[in-house]
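Trainee: I would like to learn how to read cysteines, cores and pockets. Could you take me through them on one example?

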Amino acid sequence: MSTAPSPLTLDQLQNDIASGEVDTVLVAATDMQGRLQGKRITGRFFIDEVMENGTEGCSYLLAADVEMNTVDGFALTSWEHGYGDLMFVPDFSTLRRVPWHPRSVMVQCDLARTDGTPLAVSPRQVLKAQLERLEKLGFAPIGATELEFALYNTSYRDAMASDYRNLEAASIYNIDYSLFGTGQVEDYLRRLRNEMDGAGLYTESAKGECNLGQLEVGFRYTDILATCDNHVVYKLGAKQIADQQGRSVTFMAKPNDREGSSCHIHMSLNDNDGKPVFGVGHGSEMSETMKHFVAGVVATQYDFTYLYAPNINSYKRFAEGSFAPTAVGWGWDNRTCAVRIVGHGPALRFEQRVPGADANPYLACAALVAAGIHGLENRLELPEALAGNAYTQDVPHIPRRLHDAVSAFDSSSAARAAFGDEVVDHYAHAGRVEMAAFDAAVTDWEVRRGFERL
């Protein structure tokens, strides 16, 4: 499938601004945590200035923690460097309406230095660099992300005021595939489905999941860059629609002791003529290209886990018998494996099951593409498929802590060969910042366990 067309052209936008139908343009870029950040710009100023010249933003956007605190130790910027500007460079192929806000549209941007040099550590640029490498080999990836989240009838403000205790989940039991259960939140799901379509996404379906209030909305596959652009718009829209209804959603990988929320990534390859190259014939036989590509994903699974699972909380999701994988390996339609092969013929593809809902889609997909290139360039042999319950087999496992995943990524020759030292050093430091913040915190668990007893 070729690059998805923009749901809104630049000519349409200019006409809509002139007529008053649009008065606000959200100029957005994705930060390290996978969140859209940027400015709300008046339509007239966007046409007069930003459309041609872009706009500026502080470089701390790519050197801050989850709470937007400035953090020392990044080569990109610091107090010593003065926290100068970077440029938001609009990509007009991403123009879209924002149905959950009146008279508003959005354009997603690449980040660059003020001299116009692309910013290598920007998540969207990290992915684009890997796509350019793969294009030179004659291939382009297509795919989709399956993103789960938990919906609460408690507003964000009330949740914070209660220290995130006693939240009212939108369902009170497992509503996986339940039409009755999802019918109880159809007012939210209907807005989410239809307004995502209005924003240019191709919504397929919505369903319930296992955890209380847990839901999943599926979107049709497209080229991987557009998939990631759509993914971050969806996350923003899901939060804002919930907020408008006095509700809240979380994309934490493990919001409580029940089932976690995943972000399974489905991917396959086309050649440069748009022809699928993974399947042989109409069955499930893998081409040599697919075997090498998947072999690269398996071979780098341990080293690249940090890009699939970037937070302390990510690792709470990996538990035996939880539908979250722990084993490094692949299997035929086997949900106990990190990599699952599904489909047949032109639809034959692999599913990477390690990422949680908190993954940055650009970095996770960049890791998959880089892994596949590693397999293609080195003609790696695909190991034997795992059959049966991979949780209980004597096979290598993914890292069980962020500390181990960051160390593996930082020391990985495959990661440095694929992404370059600048990118690896930047994100490894971000991981160490997250670990230091957690290591310094006193958790509720510690207080409950030790306040009286110790």
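**Cysteines, cores and a pocket**

Mentor: Start with C228: at 0% relative accessibility, it counts as buried. Keep in mind that this is a predicted model.

Trainee: How many disulfides does a search of the whole structure find?

Mentor: Zero. A disulfide needs two cysteine sulfur atoms within 2.5 Å. The closest cysteine sulfur to that of C228 is in C365, at 3.7 Å, so the pair is too far apart for a bond.

Trainee: And C337, buried or exposed?

Mentor: Buried, at 0% relative accessibility. Its sulfur lies 18 Å from the closest cysteine sulfur, in C210, which is too far for a bond.

Trainee: Now the cores. What is the general idea?

Mentor: In soluble globular proteins, nonpolar side chains tend to be buried together. Here the largest nonpolar core has 124 residues. F149, Y188, Y234, F350 and F419 touch the most other members. Helix α10 (residues 361–377) gives the most to this core, 12 residues. A second, separate core has five residues, including C337, L386, A390 and V395.

Trainee: Which residues does Y188 contact, leaving aside neighbours within four places in sequence?

Mentor: F149, L151, A238, I241, A242, Q245, R247 and V249.

Trainee: How do I read a pocket?

Mentor: Rolling a probe the size of a water molecule over the atoms shows where empty space is left. The second largest pocket here has a volume of about 980 Å³. Its lining counts 44 residues, with E146, E216, H266, R340 and E351 nearest the centre. Elements giving two or more residues to that lining include β7 (139–152) and β12 (263–271).

Trainee: How does the lining divide by residue type?

Mentor: Into 17 nonpolar, 12 polar and 15 charged residues.

Methods:
Residues numbered from 1 in each chain as written. Predicted model: local features only at pLDDT ≥ 70, side-chain atom pairs only at ≥ 80, totals over all residues. Heavy atoms only, no water. Buried < 20%, exposed > 50% of the residue type's maximum accessible area, 1.4 Å probe, protein only. Core = buried A, V, L, I, M, F, W, Y, C linked by side-chain atoms within 4.5 Å. Helix = DSSP H or I, 4+ residues; strand = E, 2+ residues; numbered from the N terminus. Contact = heavy atoms within 4.5 Å. 1 Å grid on protein atoms, 1.4 Å probe; cavity = no way out; pocket = protein on both sides within 12 Å on 5 of 7 lines; lining within 4 Å. Points joined across faces, edges and corners; volume = space filled by probe spheres on them. Nonpolar A, V, L, I, M, F, W, Y, C, P; charged D, E, K, R; others polar.
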